[in-house]
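Please look over the fold as a whole before turning to its parts. The text below goes from the chain to one sheet, then to a strand pair and a single side chain.

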Amino acid sequence: MLKHRRFLFKYVMAAIGSFVLVSCLSNDKSKKDHLVFRYNEHKNISSLDPAFSKDLADIWATHQLFNGLVQMDDLLNVKPCIAKDWEITDSARVYTFNLRNDVYFHKHKLFGKDSTRRVKASDFEYSLGRLKDKSLASPGSWVLNKVKDFRAINDSTFQIRLNQPFPAFLGLLTMKYCSVVPKEIVEHFGSEFRSNPVGTGPFKFKRWEENIKLVFRRNNNYFEKNSSGEQLPYLEAVSITFLPDKQSEFLQFAQDNIDFVSGLDASYKDDVLTSDGKLKTTYESDVNMIRGPYLNTEYLAFYMETTVAPIQSLKLRKAINLGFDRKKMITYLRNGIGTPATGGFIPKGLPGFNAKIGFTYNPELASQLIEDFKNEKGILNPEITLTTTSNYLSFCEFIQREIQKIGLSLNVDVIPASSLKDAKANGQLEFFRASWVADYPDAENYLSLYYSKNFAPNGPNYTHYKSDVFDQLYEASYLETSPDKRSELYTKMDSLIMASAPIVPMFYDEVVRFTRKTVNGLGINATNLLELKTVNKTKI
């Protein structure tokens with residue numbers, strides 16, 4: 001009886017909390033301000049401090065709360081944000097930003113009698129300085145690796161000086177790491193700023209019950225307006241739940257308890273999509289599907305410093321690249337969502353991408369290369385192990401079956417994601433599945449995985465690929481200011497990588513979004529950033 005009463009009490013209190021939230025959201029007279037955008041975050045959120053916005057789950061949340069000097073539009077163009085304009089001088093080494101004078105932090109009692117204050121250039125000096133603070137240990141400290149110094153010239157002018165030209169620098173500044181934060185609030189809360197965020201974004205923090213619910217409310221003092229001069233955002237609130245698996249998340253979507261689902265999961269892909277990637281008729285009247293290129297390359301990687309003989313062999317690495325049908329894999333395992341990776345490591349949608357520099361399905365040539373390896377090395381039954389996580393087991397088993405047909409024994413080892421992450425960083429895996437999502441929309445970000453000075457664990461070169469020619473081209477790309485010539489350099493570097501075959505590109509991903517028909521204005525972009533300031537909802 002006591003347990004029953006405790007459960008009933010918790011249930012009633014939860015119901016009261018929901019009623020209070022709905023009541024609060026219903027006080028405004030404007031119909032649009034009644035609206036709440038609801039989504040689930042199955043990966044959880046670790047911090048609302050932008051200095052720790054490393055994972056997409058954290059980035060989606062902090063993007064609603066914070067702004068930086070510049071921002072990216074859906075076409076990956078860098079646009080003004082808190083900086084209304086900027087000037088690039090001294091051979092692209094000096095960036096001088098002129099700030100807007102109408103940007104204010106979210107209201108908080110710690111600001112004093114006015115409860116807020118205007119953003120000044122010194123706030124950016126403090127915010128970027130935090131990233132360099134070793135005691136903070138921000139995972140975003142690397143974004144300042146090419147920065148010589150930065151300073152507030154006056155309240156409305158902020159300047160950054162680079163050690164050398166870096167054409168992708170403005171794109172780098174669009175990352176949430178570079179958001180502005182108020183010094184007095186951060187220093188008051190210390191590490192607890194993660195759960196007491198104060199920014200300048202279109203929404204402001206309301207409450208967070210970790211692993212249960214997170215709520216943002218509309219920032220009525222937000223500085224951006226739409227093309228008609230109407231103030232953004234349109235929504236009254238954002239409500240985020242934390243169901244831990246994608247199947248439960250999609251069930252909530254199907255029951256109209258959330259407004260949005262991102263990505264395609266094996267648990268529901270056949271329920272919602274046809275085999276050729278179209279929305280099934282049962283969902284057409286209630287659901288919109290949006291899809292487009294995603295700056296994410298899914299691939300398999302070899303550790304090039306291994307002592308395992310088959311992996312040391314270029315012939316065998318090429319044989320694996322040639323030995324499975326990427327198009328068939330995408331059709332059967334992804335319902336046609338994604339592009340078969342017949343190019344290099346640079347994904348479709350970025351300058352430098354070339355669809356013809358990689359490998360296409362050729363089982364006859366693959367079999368011949370394996371026979372040549374057997375004869376040269378005297379190894380009659382070559383065998384290698386591919387390590388993956390459970391989420392990608394179906395892809396690895398597909399490749400396993402195909403590769404075994406051409407004469408190579410491929411074992412598949414499944415380990416937890418955290419174990420794979422540590423093992424690949426420390427060179428403990430001979431052959432492993434990986435993916436690379438762009439930190440910023442420039443192919444340099446992808447090619448950095450093959451620069452010899454970036455060997456893991458101190459950098460992202462997990463394969464330990466090394467080429468002096470590649471390194472020279474990579475360093476030359478920093479100095480090239482012409483976008484067309486830089487794109488040519490990127491393609492040359494990608495071709496060099498594929499010639500050595502330290503990787504097996506599987507597919508270039510696509511962003512897939514499902515929304516209720518009541519949701520309007522939710523765009524799509526190749527970085528899969530969730531932009532809610534222009535979203536509106538209509539009542540049924």
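What follows describes the overall dimensions and then some local features.

This is a predicted model, in which local features need pLDDT of at least 70 and side-chain atom pairs count only at pLDDT 80 or more, while totals for chains, interfaces and linings use all residues. Residues are numbered from 1 along each chain as its sequence is written, and side-chain values use heavy atoms, with hydrogens and water left out.

The protein chain holds 17 helices and 19 strands; these are DSSP runs numbered from the N terminus, helices being H or I of at least four residues and strands E of at least two. The chain has a radius of gyration of 25 Å, close to the 24 Å given by the globule rule for 540 residues, so it is as compact as a globular protein of that length. That radius is taken over C-alpha atoms, and the rule is 2.2 Å times the number of residues to the power 0.38. The C-alpha trace spans about 80 × 70 × 45 Å along its principal axes. Of the 540 residues, 51% are buried (under 20% relative accessible area, with a 1.4 Å probe and protein chains only). Among contacts (heavy atoms within 4.5 Å) between residues at least 6 apart in sequence, 67% join residues at least 24 apart.

One open sheet has 4 strands in the order β4-β5-β7-β6, with antiparallel pairing; two strands pair if DSSP finds at least two bridges between them. Its edge strands, each pairing on one side only, are β4 (83–89) and β6 (147–154). From one strand to the next the twist averages 15 degrees. Between β6 and β7 (residues 157–162) there are 6 bridges, and Phe 150 has Ile 160 in β7 as its bridge partner. Helix α3 (residues 121–132) packs on this sheet, touching β5 (94–99), β6 and β7, and its direction makes about 155 degrees with that of β6. Axes are lines fitted to C-alpha atoms, for helices over the stretch in contact, and angles run from 0 to 180 degrees between N-to-C directions.

Elsewhere, strand β12 (residues 287–302) is joined to β16 by 7 bridges, and the two run antiparallel. Thr 297 stands opposite Trp 436 in β16. Strand β16 (residues 431–437) is mostly covered, with 5 of its 7 residues buried.

Asp 509 lies in strand β17 (residues 503–516) and is buried, at a relative accessible area of 10%. Leaving out residues up to four places away in sequence, Asp 509 touches Pro 293, Tyr 294, Asn 296, Glu 298 and Arg 334.

Definitions and conventions
Buried < 20%, exposed > 50% of the residue type's maximum accessible area, 1.4 Å probe, protein only.
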